[in-house]
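Hello,

I am handing over the structure we spoke about. Please look through it before reading the notes underneath.

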Amino acid sequence: MSTLSRLRPVTRASSLLSSSKANYQTIGNARRLASTHALVFLEHSNGVVEPASLSALAAASQLSSGNDEGKVTGIVIGSKQEVEKVLPAVKKLPGLSSVLHSSSDLYSPPLPETLTPLFKSVLADNKYTHFFSAHSSAAKSVLPRVAAVLDLPAVSDITSLTHSSSDDSTTFTRPIYAGNAIATVRAGKEIPLKIVTVRATSFTPLTSSSSSSSSGDVEAKEVQAVEENGDLTKHLETTLSTSDRPDLGVAKKVVSGGRALKNKETFDKTLEPLAEVLGAAVGASRAAVDAGYADNSLQVGQTGKIVAPELYMAIGISGAIQHLAGMKDSKMIVAINKDPDAPIFQVADVGLVGDLFDIVPELTEKLK
C-alpha cells in the first residue's frame, strides 16, 4: 500500500494515518514498549547545532510530558572532525537521554543518498517510536526517503503535537493551503514509527541554558557508518553567502523588500541602512529574488524560509498568499506600500500608505 493511500480525510480538516503491515514492522523482532523513545536528527554547522534542530528537540521533548519513561536520543552525523567538534555541546543539551554519532567522509557534506541507509540501519530494530527533524532543506530530502524505504507515512511541518500513552497515538497539527487552514493529523498505534519534520518557529529551541536541572553530559554511543550509495551522487561545491546581518531564520527583526524596489542596487541602498539601524536581518519576496534583487537564501514565503520574528517590516511587498505563508506568524507586522488595497495590509498590525522611497529614508534617519 502506498503512503498516499494511508491518508484518509475525516471531518474538520483532519486526517487519520493508518497503515497495513509495514516493512518496518518486520525488520526487527523487538517488542515495542508503551513509553515513547524519539530519535532526533541534529543538524550542525561549524561546531554549532542548528537552531531549527533545537526546535525539533523541543518538539520531541513534549512527547514525555506526564510520562517519566519517555526518552529522547539525538543523532549527529558528519566527518570525524565535524562530529568531534560539535559532540561536546550536543551532550550537554537538555532533554536528551543519550546521543548517537556516526563519522565518515561519506557524510561530509551530508547527502540524502548516503544518509538514508544509515537512518534505515539505526531505525531497523523497532527501538524508536518517533523520528524527528527540523523542516530544513536537508530533512525535506532525507526523511521522505527514509519513510519510503521503511514503507511508512510521514508528517511534515508540524506546529504542535500531543501524545496519548493510553492508545499509543500522536496527534499533530500542520498548516495546509499556504497556511490558510490547519490540518489535524493522528498517527495511531498501527504506525510503529512516526516520522516527523518540525516547523522551527512553532517550538522554542532547547539550549544548554534552557534548563537548570541538567545533570551534565549524557551517554554518547558511536554508530558504525553505512558505506552505501557513495557513487550515486557527487557533491561538487558549496556556495555560501556571507553577511554581517543576523541569520534570517532566527532573527528577532526582519526587514523585507519586494519587486517595487526596482533593482538590486536600489534594494540594497534602501533596505540595508534601515536593517543596520534596527539590527535586523534582510529578507525578500519571491518576486524580488526571481528578479535578481536578492539571493534566494533571503526568500521569505511558502517556497522560502518561514519566519516569525518579533518585528517584520514588509516594504514594497504586495502580500501574495505564498509570501504571507512565510511571515504571518510574526508578532508585529509593519507594511509600507503605495497601494492601499494591497493584501499585505490585511495582516499588518501597522500599515503606512505612501512612496517607500520617501518613507524608508525618513524612517531610517529618525531611528538613528
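The notes below go through the strands, the helices, the cores and a few single residues. Please keep in mind that this is a predicted model.

The five-stranded sheet

One sheet is open and has 5 strands, in the order S16-S15-S17-S18-S19, with parallel pairing. At its edges are strand S16 (281–284) and strand S19 (350–353), each of which pairs on one side only. On average, neighbouring strands of this sheet are turned by 15° against each other, direction ignored. Within the sheet, 5 bridges hold strand S17 (residues 311–315) and strand S18 (residues 332–337) together in the parallel sense. One of the residues involved is Tyr312, whose bridge partner in S18 is Ile333. Helix H6 (residues 264–278) packs on this sheet and touches strand S15 (253–257), S16 and S17. The direction of H6 makes about 170° with that of S15.

Next to S15 in sequence there is a residue to look up. Lys252 lies in the loop between strand S14 (219–222) and S15. Is Lys252 buried or exposed? Its relative accessibility is 58%, so Lys252 counts as exposed. Leaving out residues up to four places away in sequence, Lys252 touches Pro309, Glu310 and Leu311. Ser330 is 78 residues from Lys252 in sequence, while the C-alpha atoms of the two are 9.4 Å apart in space.

Strand S3 and its partners

Strand S3 (residues 37–41) is mostly covered, with 5 of its 5 residues buried. His37, Leu39 and Phe41 point one way from the strand, and Ala38 and Val40 point the other way. This fits a general pattern: in a regular strand, side chains alternate between the two faces of the sheet.

S3 runs parallel to strand S6 (residues 71–78), to which 5 bridges join it. In that pairing His37 stands opposite Lys71. S3 also runs parallel to strand S8 (residues 130–134), here with 3 bridges. The bridge partner of Ala38 in S8 is His130.

Helix H2 and the cores

Helix H2 (residues 51–61) is mostly covered too: 9 of its 11 residues are buried. Among them are Ser53, Leu54, Ala56 and Ala60. What do the buried residues of H2 pack against? They pack against S3, strand S5 (48–49), S6, S8, strand S10 (160–164) and strand S13 (194–198).

The largest nonpolar core has 58 residues, of which Val90, Leu96, Phe119, Phe131, Phe132 and Ile158 touch the most other members. H2 gives the most to this core, with 6 residues. Phe132 has contacts with several parts of the chain, not counting residues up to four places away in sequence: they include Ala38 and Val40, Ala56 and Ala59, and Ile158, Leu161 and Val196. Apart from the largest core lies another one, of 22 residues, among them Phe267, Tyr293, Met313 and Val360.

One more buried residue

Ser169 is found in strand S11 (residues 169–176). Why does Ser169 count as buried? The relative accessible area of Ser169 is 3%, and buried means under 20%. Ser169 touches Thr162, His163 and Ser164, and also Arg186, Ala187 and Gly188, again not counting residues up to four places away in sequence.

Regards

Conventions: Residues numbered from 1 in each chain as written. Predicted model: local features only at pLDDT ≥ 70, side-chain atom pairs only at ≥ 80, totals over all residues. Heavy atoms only, no water. Pairing = 2+ DSSP bridges. Helix = DSSP H or I, 4+ residues; strand = E, 2+ residues; numbered from the N terminus. Axes fitted to C-alpha atoms, helices over the stretch in contact; angles between N-to-C directions. Contact = heavy atoms within 4.5 Å. Buried < 20%, exposed > 50% of the residue type's maximum accessible area, 1.4 Å probe, protein only. Core = buried A, V, L, I, M, F, W, Y, C linked by side-chain atoms within 4.5 Å.
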